[in-house]
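Q: Please take a close look at one part of this structure. Then work outward and set that part in its surroundings.

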Amino acid sequence: MMEIFNILEIIITSTLRMSVPLILASTGATFSMRSGVSDLGCEGMMIGGAFFGVLGSYIFDNAWIGLLFAALFGMLFALQHAVLHVTFKVNATLSGMSVNLLSAATATLLLQIIWGRHGNSPRVSAFSKIQADWLKKLPVIGEMLAEQNILFYLSLVIVILAWIYMFKTNSGLRLRMVGENPQAANTVGINVVAYKYFGVLMCGLLCGLGGAYLSLGQLNIFVDGMTGGRGYIAIVINAFGGFSPIGSLLGSLFFGFFESLQTIFQGKLIPSNIVRMMPYILTIIVLSIGIRSSKAPAGVGKYHDE
Amino acid sequence: MELIKMTNISKYFHHVVALDGVDFYLNKGEILSLLGENGAGKTTLMKILYGMISPDSGEIYYKGQKVNFHRPLDAINMGIGMVHQHFMLVPAFTVLENIVAGAEPSKGIFLDIEKAREEVGELIRRFNFNISLDDKVERLSVGEQQRVEILKALYRKAEVLILDEPTAVLTPTEVDEIFVILDELRKEGCSIVIITHKLKETFAIADRISVLRDGKMIANNVDPKKLSENELSKMMVGREINLGVKRPAKNIGKVRLRVKNLVVKDGGRKKVDNVSFDLRDGEILGIAGVEGNGQTELIEALTGLRRPESMELELNGKKLEGDANTFLRNKIGHVPEDRLAMGLVKEMSVKKNLILGYHREEDFCKNIFLDEKNIEKYAEDLKAKYGIKASHIEDPISALSGGNQQKVVIARTFSRDPDVLIVAHPTRGVDVGAIEYIHGKLLELRDRGKAILLISADLDEVMTLSDRILVLYEGKIVRECQQGELSDVELGLLMTGGNLEMALGGEI
C-alpha cells in the first residue's frame, strides 16, 4: 500500500517537473497562433533560451540573470521569425525552421568559442527547490509541491495571466481578431503588424523561459540537443489544448505524465529506450487523432493587405 | 445638404484606368444607388472614400471640409462605415465580439462586456434587428451576417453607410428585410450608398441614382421615378439589353446522356436520392431548387469529381465511368458553381486559365512541352471572341472583375466543343451585360445541338432558359415539367417541399 503511494508521489512530482518547459513553450505558442502566425520556431527559441540562460548565469553567476538572458534571446530568435514572416512575408514554415537551424548552430558554435567544449557547457548556478517548510506540511500534495523550483510556480502564474489577457482584455480580443481575420481587423483600425510582432515575441519570451527551465531548472548545464524536440511537442500540445493557455497547461501535464513514466520504469520491466519514446509516440497519436477536432485560428498565415 | 463631395477622382491600376475624373456627391438622409456593370469602378470609388485605396488625383470633401483618408480608421472616425461584399467578420467570434472588436468599451485594460452588451442591445432594439448577441457568427445565415456588419458600422456611429452589392448573396425574403432596415436608417438621418448592378432593387429603394460606366460617371443625378428600367440599363451598359426573352428549342434530338439511379451519400446522409433523367441533344434541362438540396453532389457525380454510391451513366448509349479527366475527354464540359474555388486558379494568368483542364490536348502541346505560341494565339482569340476585359492575357485572373472571370470559365469550356454541358450558376455575381451575353451563348450552343444541364439558384434564369425543368428537393426529383407549364410561385412551392395538389386544392 505504502509503496503504491510512494510511486504515485514520485510520478506526480516528476510529471510536474517534466511539464514546466512544455507549459511555458505551449503557452508561448498560443500567443503566436492567436496572432495568426504559425509557430514552427518554438524549438529554436527554446534552444536559444536554454543556451543563453546558461551563458547569462555563467557570466553573472546568478540564475535569475540567466533567466533574463533566456527571455531576451528567446525574443531575439522570435524577432527573426517575425521579421521574415510578418514583414517580408516569407512562408512561416520556412522562417520558423530557419530559427530552429540558426539557434541550434549558434549554441554549438558558441559552446566551442566561449568554453572550447563540445556537447556541453560547464556547470553554472541554477535554480534549486524552493525553501518553504510550510508547503511541505500541506497534506498529500505538500511534498510534491515542495520538490518544485520557483519556475514551476512562475509558469502557473504566466498561464493564468495569459488566459486573462487573451479572453478578458481589449488587447486580447484584438490579438485574437488579428489571428482569426487580419483583413477584418485591419478594416476596424487594428494595427495587424504590431499584434503579430507582439504574438511572436511573446512566444519567443516564453519558449526562452521554457528552454531555461531545462538547463537551469532541471540541470545546471547546457547540453547540445537537450530540448529533444520539446518545441515541436509544445506546438502539438498547443493545438491539442485548443490554442488556449489553460488547454496548453492541461495538455502539458498530460504529456509530462508520459515523460515522467521513464523515471519509474527505467531499468525495470520495459527497456528504457522504449519508455523514452513514449512522449514522441504520444505526439504522433495526438497528431493523427486528437487534433482533428481542434480548430486553429482561421487567419493563420494570412496577411491584412492582400 | 451635400454631405460628401468627391471631385475629379482618378485611379489607375498598372496603367489601366479604373476611374477617370469622376465626380460624386451624397446628400444627407438619402439612399443613393451607385449603379454600374462589374468592373465599372463602383467599388474602387467607394474604397477611396473609405480610405482603403488612395486616389491618384482628386479631392474629397466631407461636410464641406477637405479630407484625406489614409486608412479605413480615418473614415470610420469621421462617421463613414462600409459593408464589404465579402464580409469582414470573424466566424469564431460571437456577434457581440464582432461588433465591438477594435472599439471596445473598457474598464482599465479589461473588456467591459456588460457595457458593450448594453450599447449594442440598444442599437438592436432601436432598429429592430432581431439578432442574438451570443450566437457565433459562423452559425448565422448570410442575411444575419450582413446585419452584424451594419451593426458594426452603426456602433461606430456611422452617419454614412456604404454597402457593396448588399443583395448579391441574399434570398428574396432577406432582401426585403434588409430594405426595411435601410429605410429605417434613412428615416434616422443616415446617408446610404448602395453599390449594385441590379435595376429592380435600385428602383425599389433608391432616392437617386448615379451611373458609372468604364470608370466614367455617366450620370450623377438620375431620378428613379423618371426613367424606365430599359433606359437605365442602356445608360449602364451603353446599349440595349434584352433579358428574359424566351426562345424555345426547335429541334430536340436523341438522348445524349442517360442518368439512372444516382445516389450520393455524404456523412451517412443521402444527398442525392435515386435520381434518374435523360438529357437530349439540343435542349436545356434546368434543375430548379433551393441551394443545398443536392445540386453540388449531382454536379460532382456528373463531372467525375466524386464517385457516387451508385450511378448508371450512359453517354451516347455507352457506359461512362472514370475521373474528371475522363469526363472532360468524353466531351462533357463543366462550368463549376464557384468560379474562384473550382473554376479558376487565382494566381495564374488569364492565358493559362483559358486552357486549364484541356492543357494536355494536342493543339496546346509539343511533345511533353506546352506550345506557348499556340496557347497565346488561342488565348488572344478567345479574349477577343468572348469580349473578356483584361489589359493583357498575361494578367493574373484575380485582376479581372467577377463577370470577366466568369467569361474566362465560359470561354474555356464552350470553345472546346463539348457535346454535353454541365453548367452551374453561370451568371452568379455577374452584371447585366455579361448575363445577356452568357445566356445568348447558352442558347446558341443549344441550337447547335448541344445537350445542356443548367443548375441555377436563380429561378428566373432556370425558367427563362430551360426547355424542361426538374425540381430538386432534398436530393430527390419531386417534379418534372415543360417550359411554361408551372408558374414561379408553383415552382417555388415545390422547391421548398410543398405539394401543389394540396396547396391549390387539387386543381392540377
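A: Start with V263(B). Beyond its neighbours within four places in sequence, V263(B) is in contact with K270(B), V272(B), N274(B), P308(B), E309(B) and S310(B). Contact here means heavy atoms within 4.5 Å.

Some ground rules. The model is predicted, so local features need pLDDT of at least 70 and side-chain atom pairs count only at pLDDT 80 or more, while totals for chains, interfaces and linings use all residues. Residues are numbered from 1 along each chain as its sequence is written, chains are lettered from A and ligands numbered from 1 in written order, and side-chain values use heavy atoms, with hydrogens and water left out.

V263(B) sits in strand β13, residues 255-266 of chain B. Strands (E, at least two residues) and helices (H or I, at least four) are DSSP runs, numbered from the N terminus. V263(B) has a relative accessible area of 11%, so it is buried. The cut-offs are under 20% for buried and over 50% for exposed, with partly exposed in between (1.4 Å probe, protein chains only). One of the contacts of V263(B) spans a long stretch of chain: E309(B) is 46 residues away in sequence, yet the two C-alpha atoms are 5.4 Å apart.

Q295(B) is another buried site, at 4% relative accessibility. Q295(B) belongs to helix α9, residues 295-302 of chain B. A polar atom of the Q295(B) side chain lies 3.0 Å from the backbone nitrogen of N293(B). Leaving out neighbours within four places, Q295(B) also meets G289(B), V290(B), I455(B) and L472(B).

Now chain B as a whole. It has 18 helices and 24 strands. Of its 508 residues, 53% count as buried. Among contacts with a separation of 6 or more, 67% join residues 24 or more positions apart. The C-alpha atoms fill a box of roughly 70 × 60 × 50 Å along the principal axes. The radius of gyration of chain B is 25 Å, which agrees with the value near 23 Å for a compact globule of 508 residues. That radius is taken over C-alpha atoms, and the globule rule is 2.2 Å times the number of residues to the power 0.38.

Next, the nonpolar cores. Each is a set of buried Ala, Val, Leu, Ile, Met, Phe, Trp, Tyr and Cys residues joined through side-chain atoms within 4.5 Å. The largest has 107 residues; F51(A), M177(A), F222(A), I99(B), I150(B), L182(B) and L185(B) touch the most other members. Helix α10 of chain A (residues 192-218) gives the largest share of this core, 12 residues. Apart from it lies another core of 35 residues, including I284(B), V409(B), I452(B) and L465(B). In soluble globular proteins, nonpolar side chains tend to be buried together.

Last, the other chain. At the interface, 25 residues of chain B are in contact with 17 residues of chain A. The buried area is about 1,800 Å², with 62% from carbon and sulfur atoms. Buried area is the accessible area (1.4 Å probe) that two parts lose on being put together, summed over both. M88(B), F93(B) and E104(B) lose the most area in chain B, together 27% of what that side buries. Across the interface, T169(A) touches residues including I109(B), F110(B) and L111(B). T169(A) is in the loop between α7 (150-168) and α8 (170-180) of chain A. It counts as buried, at 3% relative accessibility.

Terms used:
Polar contact = N/O pair within 3.5 Å; in protein donor to acceptor, adjacent residues only side chain to side chain.
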